[in-house]
Amino acid sequence: MSQSWLVASGKGGVGKSMVTAALGMALAKRKMQCCCVDADLGLRDLDMVLNMHNKVVYDMLDVARKECKLKYALINHPQYGNLSLLPASQNGSSKSLDGAEYSRIIEKLKKRFAYVITDAPAGLERGLRNLIPASDHCLLVVTPDDVAIRDAERVLALMDEEQKPRPLLVVNRVVEDMVVKDEMYSPQTVANALDVPLLGYVPEDRAVLSAMKRHECFMEVDCPAAQAMDRICQRFLGEFVPMPVIRKKRSFFGWVQA
Ligand SMILES: Nc1ncnc2c1ncn2[C@@H]1O[C@H](COP(=O)(O)OP(=O)(O)OP(=O)(O)O)[C@@H](O)[C@H]1O
Ligand SMILES: [Mg+2]
């Protein structure tokens with residue numbers, strides 16, 4: 001049975017596009033048919049994160065306005081044949097997308113792909129609200145800070161209003177030694193504050209940005225963020241993968257760091 005997932009956050013810049021792209025790649029590596037949808041209209045970026053920006057011809061708005069067929073707007077990933085992208089438009093805004101048209105597109109995609117993962121725009125405006133009815137589940141992405149947590153609470157309230165299942169949580173940009181020193185909330189503390197199940201956390205990792213500069217996705221590099229996203233993908237698929245415990249590591253001289 002195909003599933004549509006909405007990757008949302010409330011607060012901007014917390015890593016929704018990074019999580020969408022990485023989960024899409026991790027699923028495709030496991031031979032799952034997966035389509036990433038960029039619903040951040042006017043601020044297209046998923047094509048860049050997936051390094052597919054040179055291939056964009058048509059976009060989601062062209063399809064919604066019936067100016068092109070869905071199949072012509074879909075782009076295949078150059079290395080992972082199971083991964084496709086429906087890019088956002090560079091013009092307009094998320095409000096330009098009619099909710100009913102979006103739902104029609106998602107229903108069509110679900111006939112072709114096992115997983116349809118939509119990267120939502122930041123904020124709580126109509127742009128996000130239009131996407132909720134067509135989404136079976138939601139992945140909530142937060143950074144471990146009070147602002148991101150408060151904004152995520154608003155997304156949870158919206159999902160409740162629409163009677164959607166409780167989202168799963170990904171805590172991004174976790175600095176493990178700050179957690180150990182009690183300078184940052186632990187991923188489980190964030191999950192408890194929001195009262196949502198923790199799917200996993202992704203550490204702050206310079207490889208995410210350096211891969212982007214090389215026009216690669218960090219999932220192609222063996223780095224802590226890619227390993228974390230891989231574990232998240234396994235749990236997403238229902239496998240039991242223990243959550244790494246963040247604690248001081250023992251060195252020859254005693255306890256040092258996470
Ligand atoms: N775990 C991480 N370690 C280091 N950098 C990261 C990590 N996650 C995300 N970033 C960086 O943070 C920035 C914001 O990430 P991203 O674009 O995925 O956020 P977003 O929630 O989609 O933003 P927006 O709300 O603007 O769409 C990017 O430059 C990305 O490379
Ligand atoms: Mg984004």
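What follows is a short chat about a ligand site and two helix pairs in a predicted model.

Reader: What kind of model is this, and what pLDDT do local features need?
Author: It is a predicted model: local features need pLDDT of at least 70, side-chain atom pairs count only at pLDDT 80 or more, and totals for chains, interfaces and linings use all residues. Residues are numbered from 1 along each chain as its sequence is written, chains are lettered from A and ligands numbered from 1 in the order written, and side-chain values use heavy atoms, without hydrogens and water.

Reader: Which residues come nearest to ligand 1?
Author: Lys-16, Ser-17, Met-18, Asn-172 and Arg-173, out of 17 residues around ligand 1. Being near takes a heavy atom within 4 Å.

Reader: How far is the Lys-16 side chain from an oxygen atom of ligand 1?
Author: An N or O atom of that Lys-16 side chain is 2.7 Å from the ligand oxygen. For Ser-17, again a side-chain N or O atom, the distance is 2.9 Å.

Reader: And what about the backbone of Val-14?
Author: One of its N or O atoms lies 3.1 Å from an oxygen atom of ligand 1.

Reader: New topic. At what angle do α1 and α11 pack?
Author: About 70°, with axes 9 Å apart; α1 covers residues 16–29 and α11 residues 224–236. The axes are lines fitted to C-alpha atoms over the stretch in contact, and angles run from 0 to 180 degrees between N-to-C directions. Helices here are DSSP runs (H or I, at least four residues), numbered from the N terminus.

Reader: Which residues make the contact?
Author: On α1, Val-19, Ala-22, Leu-23, Ala-26 and Leu-27; on α11, Met-229, Asp-230, Cys-233 and Phe-236. Contact means heavy atoms within 4.5 Å.

Reader: How about α7 and α9, at what angle do they pack?
Author: About 45°, axes 10 Å apart. Ile-149, Ala-152, Glu-153 and Leu-156 of α7 meet Val-190, Ala-193 and Leu-194 of α9.

Conventions
Helix = DSSP H or I, 4+ residues; strand = E, 2+ residues; numbered from the N terminus. Polar contact = N/O pair within 3.5 Å; in protein donor to acceptor, adjacent residues only side chain to side chain.
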